[in-house]
Amino acid sequence: MTADRILVVGAGVVGAAVAFHLTRLGHDRVTVLDTRERAALPGSTGLAPGFVGQLSATPELAVLARESVASYRALSETAPAPAFWQVGCLEVATTVARLEQAHRDVEHGRRLGIEARVLDAAEAVAAAPALVDAERALGGLFIPSDGAADPAALTGELVRAAELAGAEFRWRTPVSTLETENGRVVGVRADGAVIRAERVVLAAGLWGPVLAARVGVRLPMVDVQHPYVFTAERPELDETPIDAPIVRYPEHTVYTRRHGRRYGVGSYAHPPLPLDQTAALDSAELPFREVDFGSAIAEATRLVPAFRGARLGRRLNGVFALTPDELPLVGPVAGLPGLWCAEASWVTHAAGVARQLANMLLGVEELAVDPDRLAPGRFDSWSDEKVNETALGHYRGIYDAH
């Protein structure tokens, strides 16, 4: 095993998970840089609703999600407080066609190694009465091994475990550019100084493409805006453990879950809102505009019992990245030795992505996913227009499990 230094740019859930998996494999020469304070999470991780669902129409996403669940469960065994609850996911069917699809999805899940079963209407309501519309639910697909995460706490645990195993995290260390010599990346420039490393991993989320572009690399990511709304705190939820499943309404592109003393709901039932790729962002959260999301959120809150007549709390407009095939960008950057990527990933797949990359970096163990399927340069021949148009076409499509 090589003992060279690996530098990770970004300490969100993906970057922290990369350090975690590298150190689990015995590689402790890992340094992670982040511009933020240790306790802050200005990127997409800090806004993520924390749904960890494994069933997907894309087999690679299912594999990465399964790997993530395994990592989060293992991490929970040593964590001082829970950050991941394996409460399952319920996909509610409100039409006969969707209920029939649920039966097919059981077989689809079996082929992917994911257990699932169909619930009748009464069972679906009983599983999460605050979240399932009893008047519209005809039944649902239940996936017991799915779960809910607290993304901030989960990231903190990944950092803690990686540090205990020898990784170094440097906070308040903004990276301004990648350093190159003789056609390869040899480190980064941060706070005016050069930090050298044999390999650099971009795990900077929305800021990854900005750094890549400065050395002539295009990462095929399209940033989109997305709404998520919480209720105000509910006294009846005080001190009650999270035991209800995460709930999705695939036909309505709505999803909902409990967050401690609050409920949250998100919706894809609006036109995709791409972000200007040249915009300079200090945070992945943008102002919540009623004109963009108002009707979608109104429909979602009418659908979910816990939101009917409830006083609403925080309203989020978070930014996340799409790719033209929904798959993350994982692996070495072709044509620029020394630069690697772990980009365009959500909490759902973060630990699976990190394990895949760590295995590639160290050349150990069998890879869970064909690396060509995740290669950062797989769309190099595509125009920007084609990348953007195709990626935006998947905004609602990410909901399909079949």
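Colleague: Which label fits Arg-315, buried, exposed or partly exposed, and how do you know?

Modeller: This is a predicted model, and every value here is computed from it. Arg-315 has a relative accessibility of 35%. Buried means under 20% and exposed means over 50%, so at 35% Arg-315 counts as partly exposed.

Colleague: What makes the contact between Arg-315 and Glu-290 a salt bridge?

Modeller: The closest N and O atoms of Arg-315 and Glu-290 are 2.6 Å apart. The cut-off is within 4 Å, so the pair qualifies as a salt bridge. Glu-290 has a relative accessible area of 48%, so Glu-290 is partly exposed too.

Colleague: Why can you say that this pair ties together parts of the chain?

Modeller: Arg-315 lies in strand β20, whereas Glu-290 lies in helix α7 (residues 290–303). These parts are 25 residues apart in sequence, so the salt bridge ties them together.

Colleague: What about Arg-302 and Glu-299, and where do they lie?

Modeller: Both lie in helix α7, three residues apart, which is about one turn of the helix. Their side chains meet in a salt bridge at 2.4 Å, N to O. Glu-299 has a relative accessible area of 49%, and the range up to 50% is where partly exposed applies, so Glu-299 is called partly exposed.

Colleague: Why is the contact between Arg-98 and Asp-105 called a salt bridge?

Modeller: Their side chains meet at 3.9 Å, N to O. The limit is within 4 Å, so the contact counts as a salt bridge.

Colleague: And how do you know whether Arg-98 and Asp-105 are buried or exposed?

Modeller: Arg-98 has 12% relative accessibility and counts as buried. Asp-105, with a relative accessible area of 1%, is buried as well. Both values fall under the 20% cut-off for buried.

Colleague: Which residues make up the network of salt bridges that includes this pair?

Modeller: Glu-91, Arg-98, Asp-105 and Arg-248 are linked in that network. A search of the whole structure finds 23 salt bridges.

Colleague: Let's turn to the helices. Why is the packing of α1 against α8 called oblique or roughly parallel, whichever it is?

Modeller: Helix α1 (residues 13–24) and helix α8 (residues 347–362) pack at an angle of about 45°, with their axes 8 Å apart. That makes α1 oblique to α8, because roughly parallel is kept for angles under 35 degrees and roughly perpendicular for 65 to 115.

Colleague: Is the crossing left-handed or right-handed, and which residues of α1 take part in the contact?

Modeller: α1 passes α8 in a right-handed crossing. Val-13, Val-14, Ala-17, Val-18, His-21 and Leu-22 in α1 meet a set of α8 residues that includes Val-347, Ala-350, Arg-355 and Leu-362.

Colleague: What makes you say that strand β14 is mostly covered?

Modeller: β14 spans residues 222–231, and 10 of its 10 residues are buried. Val-222, Val-224, His-226, Tyr-228 and Phe-230 point one way, while Asp-223, Gln-225, Pro-227, Val-229 and Thr-231 point the other way, and all are buried.

Colleague: How do you know which strands pair with β14?

Modeller: At least two bridges are needed for two strands to pair. β14 has nine bridges to β20 (residues 312–322), three to β17 (residues 262–267) and two to β18 (residues 273–274), so each of these counts as a pairing. The sense is antiparallel with β20, with β17 and with β18. As landmarks, Thr-231 stands opposite Leu-312 in β20, Val-229 has Val-265 in β17 as its bridge partner, and Gln-225 stands opposite Leu-273 in β18.

Colleague: What makes β10 and β12 edge strands in their sheet?

Modeller: That open sheet has three strands in the order β10-β11-β12, with antiparallel pairing. β10 (175–181) and β12 (193–196) each pair on one side only, and they are the edge strands. Neighbouring strands of this sheet are turned by 35° against each other on average, direction ignored. Six bridges join β10 to β11 (residues 184–190), and Thr-177 has Arg-189 as its bridge partner.

Colleague: And how do you know that β3 and β8 pair?

Modeller: Two bridges join β3 to β8 (residues 147–149), and at least two are required, so the strands pair. Val-52 has Gly-147 in β8 as its bridge partner. The open sheet runs in the order β3-β8-β4 with antiparallel pairing, and β3 (51–52) and β4 (84–85) are its edge strands.

Notes:
Residues are numbered from 1 along each chain as its sequence is written. This is a predicted model: local features need pLDDT of at least 70, side-chain atom pairs count only at pLDDT 80 or more; totals for chains, interfaces and linings use all residues. Side-chain values use heavy atoms; hydrogens and water are left out. Helices (H or I, at least four residues) and strands (E, at least two) are DSSP runs, numbered from the N terminus. Axes are lines fitted to C-alpha atoms, for helices over the stretch in contact, and angles run from 0 to 180 degrees between N-to-C directions. Buried means under 20% relative accessible area, exposed over 50%, partly exposed in between (1.4 Å probe, protein chains only). Angles under 35 degrees count as roughly parallel, over 145 as roughly antiparallel, 65 to 115 as roughly perpendicular and the rest as oblique. A crossing is left-handed if the near helix is turned anticlockwise from the far one by less than a right angle, and right-handed if clockwise. Contact means heavy atoms within 4.5 Å.
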